[in-house]
Amino acid sequence: MQAGGGRLSVSHVVADGPGQRGGLIAGDELVAIGGQRVSPDRWERIINQLPVDKDVRCHVFRDQQLVDVSCRPVSAPRDTCYLTLDTEATSEHIARRNEWLGLP
């Protein structure tokens, strides 16, 4: 997902993944999942509450048209991990992280 301007857009879709099987394509603007409005600040909370292996209706804007698709969330493979940035990192830690990532 890609956030910008208070909106969420699909940045890429995994081949044969739940998004592609449900009909999502890169560039879709995600509006609602399971009847709940989606925004960048609510995205993770909504996703984490979805039932696994049950169809969920998603509403997206595609080329200025509202499209209704049905996706089936699946459990992440056990070889998958999620990393997040420390929101309480000191300026020294941020500088070291940026140096490690090659950022200014």
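**Exercise 1. Classify the exposure of Asp53 in this predicted model, and describe its backbone.**

Solution. Begin with the accessible area: Asp53 has a relative value of 49%. Exposed requires over 50% and buried under 20%, so Asp53 is partly exposed. Next, place the residue: Asp53 sits in the loop between α2 (43-49) and β5 (56-62). Last, read the backbone angle: phi of Asp53 is near 65 degrees, which is a positive value in a residue other than glycine.

**Exercise 2. Carry out the steps of Exercise 1 for Asp63: is it buried or exposed, and what is its phi?**

Solution. The relative accessible area of Asp63 is 72%. That is over the 50% cut-off, so Asp63 is exposed. Asp63 lies in the loop between β5 and β6 (65-71). Its phi is positive, about 50 degrees, although Asp63 is not a glycine.

**Exercise 3. Compare the loop neighbours Gly27 and Asp28: which class of exposure does each have?**

Solution. First, locate them. Gly27 lies in the loop between α1 and β3, and Asp28 is likewise found between α1 (18-22) and β3 (29-33). Second, take the accessibility values. Gly27 has a relative accessible area of 53% and is exposed, whereas Asp28, at 1%, counts as buried. Third, list the contacts, leaving out residues up to four places away in sequence. Gly27 touches Val10 and Phe61. Asp28 is in contact with Leu8, Ser9, Val10, Gly23, Val60, Phe61 and Arg62. Fourth, look for polar partners: the side chain of Asp28 makes a polar contact with the side chain of Arg62 at 2.8 Å. Finally, take a C-alpha distance for the glycine: Gly27 and Leu66 are 39 residues apart along the chain, and their C-alpha atoms are separated by 13 Å.

**Exercise 4. Identify the residues of the largest nonpolar core, and state which element gives the most to it.**

Solution. The core has 12 residues: Leu8, Leu24, Leu30, Ile33, Val38, Ile46, Leu50, Val56, Cys58, Val60, Val69 and Cys71. The elements that give two or more residues to this core are β3, β5 and β6. Of the elements, β5 gives the most, with 3 residues. Now take one core member, Leu24, and list its contacts. Not counting residues up to four places away in sequence, Leu24 touches Val13, Gly19, Val60, Arg62, Val69 and Cys71. Among these contacts, Val60, Val69 and Cys71 are also listed in the core.

**Exercise 5. Place Val67 and find its contacts.**

Solution. Val67 is found in strand β6. At 21% relative accessibility, Val67 counts as partly exposed, because buried would need a value under 20%. Beyond four places in sequence, Val67 touches Cys58, His59, Val60 and Arg62. For a wider distance check, take Glu29: Val67 and Glu29 are 38 residues apart in sequence and 9.9 Å apart in space, C-alpha to C-alpha.

**Exercise 6. Describe the largest pocket: what is its volume, and which residues are closest to its centre?**

Solution. Start with size: the volume is about 1300 Å³. Of the 31 residues that line the pocket, the closest to its centre are Met1, Pro18, Trp43, Ile47 and Tyr82. Then go by element: α1, β3, α2 and β5 are those that give two or more residues to the lining. The largest share, 4 residues, comes from α2. Then go by class: the lining has 21 nonpolar, 8 polar and 2 charged residues.

**Exercise 7. Decide from its relative accessible area whether Asn98 is buried or exposed.**

Solution. Asn98 is in helix α3 (residues 91-101). Its relative accessible area is 18%. Values under 20% count as buried, so Asn98 is buried. Leaving aside residues up to four places away in sequence, Asn98 touches Leu103 and Pro104.

How values were computed: Residues are numbered from 1 along each chain as its sequence is written. This is a predicted model: local features need pLDDT of at least 70, side-chain atom pairs count only at pLDDT 80 or more; totals for chains, interfaces and linings use all residues. Side-chain values use heavy atoms; hydrogens and water are left out. Buried means under 20% relative accessible area, exposed over 50%, partly exposed in between (1.4 Å probe, protein chains only). A polar contact is a pair of N or O atoms within 3.5 Å; within protein, one must be able to donate a hydrogen and the other to accept it, and residues adjacent in sequence count only if both atoms are side-chain atoms. Contact means heavy atoms within 4.5 Å. A nonpolar core is a set of buried Ala, Val, Leu, Ile, Met, Phe, Trp, Tyr and Cys residues joined through side-chain atoms within 4.5 Å. On a 1 Å grid over the protein atoms alone, a cavity is a set of points where a 1.4 Å probe fits but cannot get out, and a pocket is an open set with protein on both sides within 12 Å along at least five of seven lines; lining residues have an atom within 4 Å of a point. Grid points are joined across faces, edges and corners, and a volume is the space filled by probe spheres set on the points. Ala, Val, Leu, Ile, Met, Phe, Trp, Tyr, Cys and Pro count as nonpolar, Asp, Glu, Lys and Arg as charged, and the others, Gly among them, as polar.
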